[in-house]
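Let's walk through this one together, starting with a bit of vocabulary and then moving from the whole fold to a few individual residues. Keep the viewer open as you read.

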Amino acid sequence: MNLPILTIITFLPLIGVFFILFNKGEEERVSKISFHVSLLTSLLVFVLSLFLWFNFDKTISSFQFVEEKKWIIDFVKYKVGVDGISILFVVLTAFITPICIVATYNSVKFRKKDFFIALLVMETMMIGVFCSLDLFLFYLFFEAGLIPMFLIIGIWGGIRRVYAAFKFFLYTLLGSVFMLIAIIFIYMQTGTTDVEALLALDIPVQYQYLLWLGFFASFAVKTPMWPVHTWLPDAHVEAPTSGSVILAAILLKMAGYGFIRFSLGLFPVASDFFSPLVFSLSIIAIVYTSLVALVQKDMKKLIAYSSVAHMGFVTIGIFAFNSQGIEGSIFQMISHGIVSAALFLCVGVVYDRMHTRQISDYGGVSNVMPNYAIVFMVFILASVGLPGTSGFVGEILVLIGIFKTNYLVAFFAATGVVLSACYSLSLYRRVSFGEITNDKVKALKDMNYSEFITLIPLLILVILLGVYPNIILDTISISVENLVSIYNVKIATFNNLMVK
């Protein structure tokens with residue numbers, strides 16, 4: 001293909017921003033036009049991402065649709081491309097964004113034009129992260145995404161929005177400073193920041209350990225791993241519904257993708273050395289945050305802590321260093337992106353009516369909102385990992401992969417499945433069942449047309465991926481097998497050198 005499809009997909013949202021910026025007039029008219037422009041732009045990006053996926057060759061592991069150009073600074077190249085791992089995150093980002101835009105129209109009450117601009121800029125930055133094949137370019141997209149999310153939380157968030165926005169910004173920025181230092185060092189040692197070239201090189205082992213820690217400092221905060229996870233519940237609680245959806249569905253996955261692409265790809269020896277550290281932090285995250293979720297009174301905060309626990313499965317699967325573990329972690333990220341987005345949207349449905357997220361204010365919702373109760377139940381069961389839903393596939397693959405590596409870690413990870421059932425089903429029981437004790441609940445109306453539009457596509461995907469997971473697995477399998485084989489060769493070579 002001669003068409004620069006990745007560049008078009010990445011920067012098309014900014015064209016939508018351009019049209020919205022010059023949209024002036026009465027506020028109501030401007031809001032409607034901004035909504036339609038942003039929705040049309042995001043839908044076009046999604047269609048192009050599907051076109052990209054359908055034209056992707058699943059039989060080869062190399063990067064495809066590669067575009068390369070010199071940029072303003074000599075050592076920073078504009079180079080983009082996708083393989084079987086990254087292309088799915090591009091499609092996921094393009095799929096979630098229009099859903100957020102539709103969900104936003106009723107929930108955001110002021111400065112809608114600015115909110116749509118922030119969402120479209122955010123989409124460009126997120127897609128850019130998954131397409132980048134240059135370390136500096138990756139870093140620029142990775143960090144630039146902080147700005148629109150900071151504004152989304154700080155302007156349209158809840159009562160403590162300024163505190164949550166600054167906490168989110170400072171945590172993630174501080175961690176990423178160490179990654180920038182590591183990138184600069186890599187360039188000084190190798191003379192390149194080209195990801196393809198670096199993956200073909202063997203970075204000297206004596207440098208790998210500190211470089212791995214530099215990248216880990218950024219990815220651990222963004223994942224988020226225990227104990228640097230505390231920014232996430234605050235950000236979720238204060239963010240508007242669409243902000244929480246973007247944060248849970250896409251932003252957390254950028255760090256998981258970074259672990260796979262850079263930690264394993266560039267620093268295999270260091271990844272092997274630090275795997276016990278990752279396992280320990282992941283197990284603590286799974287068990288501790290699940291227990292914390294059990295005692296939460298706020299629906300959003302409960303789902304936020306569950307996200308930390310589910311991302312603990314992701315990091316365990318990645319550092320299992322086998323095909324089942326890594327495929328499971330990727331599938332888990334895709335599934336969690338869909339399920340967590342749906343759960344936050346479900347919270348938004350009742351919050352827009354009741355203006356409270358306290359679980360105790362609800363009860364008996366299924367009596368007055370039966371359609372909502374059914375949809376909410378499907379997503380809760382997917383979060384638990386019920387067979388037949390997308391949540392089951394990722395978790396079982398991760399458990400199989402880690403059992404091959406370390407059965408003790410597999411045992412503790414499995415406790416997370418049990419705890420997940422406890423807090424998720426408890427949430428559903430307290431919200432949906434029982435007698436109605438709040439008069440406001442009696443007056444609730446079932447889901448409207450726009451809410452159905454946002455939730456039904458997610459529900460269909462949850463079931464479809466649970467019944468036919470090969471939609472995802474066929475795309476990622478060759479790239480994952482290539483990653484694992486290269487990792488095993490490099491580790492075997494290092495071990496042979498150590499023996500000699």
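Helices here are DSSP runs of H or I with at least four residues, numbered from the N terminus. Keep in mind, too, that what you're looking at is a predicted model.

With that in hand, take the whole protein first. Its secondary structure comes to 21 helices and two strands. The radius of gyration is 22 Å, close to the 23 Å that the globule rule gives for 500 residues, so the protein is as compact as a globular protein of that length. If you line the protein up along its principal axes, the C-alpha atoms fill a box of roughly 75 × 55 × 40 Å.

How much of the protein counts as buried? Of its 500 residues, 61% do. Contacts tell you about the fold as well: among those with a separation of 6 or more, 82% are between residues 24 or more positions apart. As for the outside, the accessible surface comes to about 19,300 Å², and carbon and sulfur atoms account for 68% of that. On the charge side, there are 31 positive and 29 negative charges, and their mean positions sit 6 Å apart.

Now zoom in on the aromatic rings. With ring centres required to lie within 6.5 Å, the count comes to 37 aromatic pairs. Trp212 and Phe319 make one of them: their ring centres are 6.1 Å apart and their planes meet at 80 degrees, so this pair is edge-to-face. It ties together distant parts of the chain, with Trp212 in helix α9 (residues 205-222) and Phe319 in the loop between α13 (299-318) and α14 (323-354), 107 residues apart. Both Trp212 and Phe319 are buried.

Compare that with Phe215 and Phe219, whose ring centres are 6.0 Å apart with planes at 50 degrees, so the pair is tilted. Here there's no jump along the chain: Phe215 and Phe219 both lie in helix α9, four residues apart, or about one turn of the helix. Both of these rings belong to buried residues.

While you're on helix α9, have a look at Val221, which lies there too. Val221 is buried, with a relative accessible area of 7%. Setting aside neighbours within four places in sequence, Val221 is in contact with Tyr171, Thr172, Val228 and Trp231. You can also gauge its place relative to Tyr305, 84 residues away along the chain: the two C-alpha atoms are separated by 14 Å.

Next, hop to helix α10 (residues 231-238), where you'll find Asp234. Is this aspartate, Asp234, buried or exposed? The cut-off for buried is under 20% relative accessible area, and Asp234 has 12%, so it counts as buried. Which residues does Asp234 touch, if you leave out those up to four places away in sequence? They are Arg160, Tyr163, Ala164 and Lys167.

Last stop: Ser42, in helix α2 (residues 27-54). Ser42 has 0% relative accessibility, so it counts as buried. Beyond residues up to four places away in sequence, Ser42 touches Ala94, Thr97, Pro98, Ile101 and Glu123. To place Ser42 against an earlier part of the chain, measure to Leu12: the two are 30 residues apart in sequence and 8.4 Å apart in space, C-alpha to C-alpha.

Technical notes:
Residues numbered from 1 in each chain as written. Predicted model: local features only at pLDDT ≥ 70, side-chain atom pairs only at ≥ 80, totals over all residues. Heavy atoms only, no water. Rg over C-alpha atoms; globule rule 2.2 N^0.38 Å. Buried < 20%, exposed > 50% of the residue type's maximum accessible area, 1.4 Å probe, protein only. Contact = heavy atoms within 4.5 Å. Areas by Shrake-Rupley, 256 points an atom, 1.4 Å probe, with all protein chains shown as cover. Lys, Arg positive; Asp, Glu negative; His and termini not counted. Charge placed at Lys NZ, Arg CZ, Asp CG, Glu CD. Phe/Tyr/Trp six-rings, centres within 6.5 Å; stacked < 30°, edge-to-face > 60°.
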